[in-house]
Amino acid sequence: MADLEKYRNIGIFAHVDAGKTTTTERILKLTGKVHKTGEVHDGEATTDFMDQERERGITIQSAATSCEWDGHRLNIIDTPGHVDFTIEVYRSLKVLDGGVGVFCGSGGVEPQSETNWRYANESEVARIILVNKLDRLGADFYRVVDQVENVLGANPLVMVLPIGSEDNFVGVVDLLSRKAWVWDESGQPENYKLEDVPDDMVDQVEEYREKLIETALEQDDELLMGYLEGEEPSMEEIKRCIRKGTIALDFFPTYCGSAFKNKGIQPVLNAVVDFLPSPIEVPPQPEVDLEGHETGEFAIVDPDRPLRALAFKIMDDRFGALTFTRIYSGKINKGDTVLNTATGKTERIGRMVEMHADSREELTSAQAGDIIAIVGMKNVQTGHTLCDPKHPATLEPMVFPDPVISIAIKPKDKGASEKMGVALSKMIAEDPSFRVETDEDSGETIIKGMGELHLDIKVDILRRTHGVDVEVGKPQVAYRETITKKVEDSYTHKKQSGGSGQFGKIDYIIEPGESGSGFEFESKVTGGNVPREFWPAVEKGFKSMMDEGVLAGFPLLDVKVTLVDGAFHAVDSSAVAFEIAAKGAYRQTIPKAGPQLIEPIMKVDVFTPEDHVGDVIGDLNRRRGMIKAQEAGPTGVRVKAEAPLSDMFGYIGDLRTMTSGRGQFSMEFDHYAPCPKNVAEEVIKEVKEREAAKK
């Protein structure tokens, strides 16, 4: 039996390029998992094992690995920072107990760090902070600590102070022990000495240490009273208080270092063990019924209870599908039969492996608290619960955002189309934010995703990993339609041609709904003019038409239909007749209700060097962007704006040209807004031309 108190399930998350993967590499080196450290910029990082990751130097899939430190077992998930892949961060945070938030010493709190921090807050994950890259030009530990307070609204608990800055950064002072960790220039993490605090830092160390101890002791009134009366608490007592406050999310122990230069990583590992929670210290996962309502039961972390496990990621590799699973309670043995509550089917556990990035070790059993991969599960998808067939239960599922951009793809030759179908179905299983549809008229395959880069990578994976060469159409925006006027109307459907006829009359109101409401239906019929059993048929008729708007065939959003009256025939009326009446009513009335095209508006966050701000803002204005805020930082300016997705294609290329390659940006979907008339006319014209071409 493994001791669960010695487990730490942690994630490493941050903005693109803050050094998450490099930090993971250093941790693996220090814990003896790898003997040669791989570098991201050489394309040799252990956890970046996809070709696309190695070439672009970014992490796309979250990779799982485990190692040992100080007698504790660390299960580590290295997550991507790029906004198109936040889904990976979100689902990883769902199954972790603690996290390390990495911030760049010069870039500070960047847009993606905010999104990830928000996800971590929602998932209530305890975190420690590492301010990385302190050897970089413009790096400033104290400024980043301020930003954590002001931008993230978090409470950083400074645990170490940096010795030297930029090129002269040599180590850190541990405030609790008042010892300086000083590394030599060999770049080897184990080559450090513990020294006394440098003379010029003594006052500063005492000031920060006092602040640290006071904040920590707020977790224990008795110790705090004693401290204020001059009694110094023991190291164990202070650490106990820091641990309590970290797990309660009252503060976040904050460290600094340079992962690339191997400085400052050991104190972070010690903090993971000392302050982040074990699986038994986090609130248990609530169980829900099939409708998603909480049952009041919890999956308590205990190997002796019935099995509860969550599949949080599917990955296809040369050995077949791997289902990454976090076990919350009970245990799994090779050969067990488990129930998937989402499909209602049972599956047998064939092989289980413990992952180390892309190599693996076979397991015969695993228990509560473990993160493992199961090989060859057939019908399991992300977010499904695996449980004991005798004691079924479902864990809270994951919610994924809808894609906002699509492109058409088609295989270059006939033989590839079957291969493409198989490859796409594997890719959908791996990534819940990636969708595939077939256009029935043209037979084209449409792939949908969260952004240009997202789809770019998907096409690349199709070509290289699955060997399917495809032609790619230009990106299409997920437009929608809505209405602007309230209309009262009436529609009668009758059909008489020998035998039994069909009859249904409805009087109704169609009006714009609340923003984000989708489709709402209400019946105010009294007196039985439309019998109650036909109401669902009327609703079904209207709802089935919402997928195709009258302007350009885009789905209709935010519409409310109220059934107010009608008539029926004792013999000829049926549910089918009323459903057909509702469909006819939709076609008759929506064109009168001021239909309007609406487009996805993105939240855009651009980072630019100061001398290019004017160009960047001018360019965003040309793209119909609305500037919301500008924030000056030490290395440049952040411009926050909202802009329509249709005008943001190819933006990264233009931004790089404008800023001599130094600009960066991220964007995510924010809301739908009405299209200007000229844009709407252009889109409708394009759609009609495409329809005509198909014929």
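In this predicted model, helix 10 and helix 11 touch through a handful of side chains: Met420, Ala423, Leu424 and Met427 on the helix 10 side, and Lys458, Ile461 and Leu462 on the helix 11 side. Sorted by class, that contact comes out as six nonpolar residues, one charged and no polar.

As for how the pair is arranged, helix 10 covers residues 416-430 and helix 11 covers residues 452-464, and the two pack at an angle of about 130 degrees with 11 Å between their axes. An angle over 145 would be needed to call them roughly antiparallel, and 65 to 115 to call them roughly perpendicular, so helix 10 counts as oblique to helix 11. Their crossing is right-handed.

Further along the chain there is a sheet to look at. It is open and built from four strands with mixed pairing, in the order 31-32-34-33. Strand 31 (487-495) and strand 33 (519-523) sit at the edges with a single partner strand each, so each has one side without a neighbour in the sheet. From one strand to the next, the twist averages 25 degrees. Strand 32 (residues 502-512) runs antiparallel to strand 34 (residues 559-567), and eight bridges join the two. Glutamate 511, for instance, has lysine 560 of strand 34 as its bridge partner.

Two helices lie across these strands. Helix 12 (residues 535-545) lies across strand 32, strand 33 and strand 34, at about 155 degrees to strand 33. Helix 13 (residues 575-589) lies across strand 31, strand 32 and strand 34, and its direction makes an angle of about 40 degrees with strand 32.

Notes
Residues are numbered from 1 along each chain as its sequence is written. This is a predicted model: local features need pLDDT of at least 70, side-chain atom pairs count only at pLDDT 80 or more; totals for chains, interfaces and linings use all residues. Side-chain values use heavy atoms; hydrogens and water are left out. Two strands pair if DSSP finds at least two bridges between them. Axes are lines fitted to C-alpha atoms, for helices over the stretch in contact, and angles run from 0 to 180 degrees between N-to-C directions. Contact means heavy atoms within 4.5 Å. Angles under 35 degrees count as roughly parallel, over 145 as roughly antiparallel, 65 to 115 as roughly perpendicular and the rest as oblique. A crossing is left-handed if the near helix is turned anticlockwise from the far one by less than a right angle, and right-handed if clockwise. Ala, Val, Leu, Ile, Met, Phe, Trp, Tyr, Cys and Pro count as nonpolar, Asp, Glu, Lys and Arg as charged, and the others, Gly among them, as polar.
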